[in-house]
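Please look over the sequence and the model shown here before reading the notes on its interior.

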Amino acid sequence: MRVIMTLELLSPKVDFVFKAIFGKEHNKPILLSLLNAVLGRDQTDQIIEIEILNTELGKNMKLGKGAILDLKVRDKLGQLYDIEIQCENESAFVERIIYYWSRIYGDQLEKGHDYYKLHPVISIVFTNFTLFSEIDRYHTLWGWRELESGEKLSDAAQIHFIELPKYKGSIQKTNNPLEKWISFLKEGNLMSRELIEKFDDPSLLQAYDELERLSIEPDMRYYYESYLKSFNDRVNKLYNAERKGLAKGREEGREEG
């Protein structure tokens, strides 16, 4: 049954909203759609079966600096996926992503097991900020290769970064599955159900319906408004600190002059 909205929709690019949409057992079809879109899988080699390893959101989400609310997933071949979205460019962000990848990769191996039993781990990271300003592409893939020849060392490590601000298109003007999901993550809270219905994409419509449902849940609304307040407070503090720094610099410059 459709939810009739009276409140503003939550933004799907906020980490705990993202996990609440894609991390539920009944929403596996939309997570599969997102995974296949990022990996560029077509009808012949799509992932069709996954196990979500951490569906819980947690009763005490820390909203101050952006909770780490990644999704851990395993496919039927044993490959592992770590999926997250990040709104703020925290210090040592890339190092944290690599550390999380290494933990997941190493935790597969129990004492006494052989290394050949290790499965690849694929990290997928959406960012609501520009991470690699020197690269124009919004989707970059990183792995292990020999620097001079480009020869691949191993498929064990793949890290996908999808930088949302770099995508300047719109959901109405693309047939690319990943670009549709990027548009939804960026502006799903500003879209109408009628717009989503035009694309005849069951996964996209299911994601939108879930977003509508979550937007009227009291707990989600409370967490969301608390997050926005905390985020705005941090932005204002940073802005004021920068203004003070500029003013101090100008004053020191006048004194030296």
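The notes below cover the nonpolar cores and one buried strand.

This is a predicted model, in which local features need pLDDT of at least 70 and side-chain atom pairs count only at pLDDT 80 or more, while totals for chains, interfaces and linings use all residues. Residues are numbered from 1 along each chain as its sequence is written, and side-chain values use heavy atoms, with hydrogens and water left out.

**Nonpolar cores**
- The largest nonpolar core (a set of buried Ala, Val, Leu, Ile, Met, Phe, Trp, Tyr and Cys residues joined through side-chain atoms within 4.5 Å) has 53 residues, and those with the most contacts inside it include Phe16, Phe22, Ile83, Phe126 and Trp181.
- Helix H2, residues 28–39, gives the most to this core, with eight residues; helices (H or I, at least four residues) and strands (E, at least two) are DSSP runs, numbered from the N terminus.
- Leaving aside residues up to four places away in sequence, Phe22 touches (heavy atoms within 4.5 Å) Ile30, Leu31, Leu34, Ile52, Leu71, Trp181 and Leu185.
- A second, separate core of nine residues includes Phe93, Phe129, Leu131 and Ile159.

**Strand S4 and its partners**
- Seven of the seven residues of strand S4 (residues 121–127) are buried, so S4 is largely enclosed by the rest of the structure; buried means under 20% relative accessible area, exposed over 50%, and partly exposed in between, with a 1.4 Å probe and protein chains only.
- Val121, Ser123, Val125 and Thr127 cover one side of S4 as buried residues, and Ile122, Ile124 and Phe126 are buried on the other.
- Strand S3 (residues 80–86) runs parallel to S4 and is joined to it by seven bridges (strands pair if DSSP finds at least two bridges between them), with Ser123 as the bridge partner of Asp82.
- Seven bridges also join S4 to the parallel strand S6, residues 152–163, where Gln158 is the bridge partner of Ile122.
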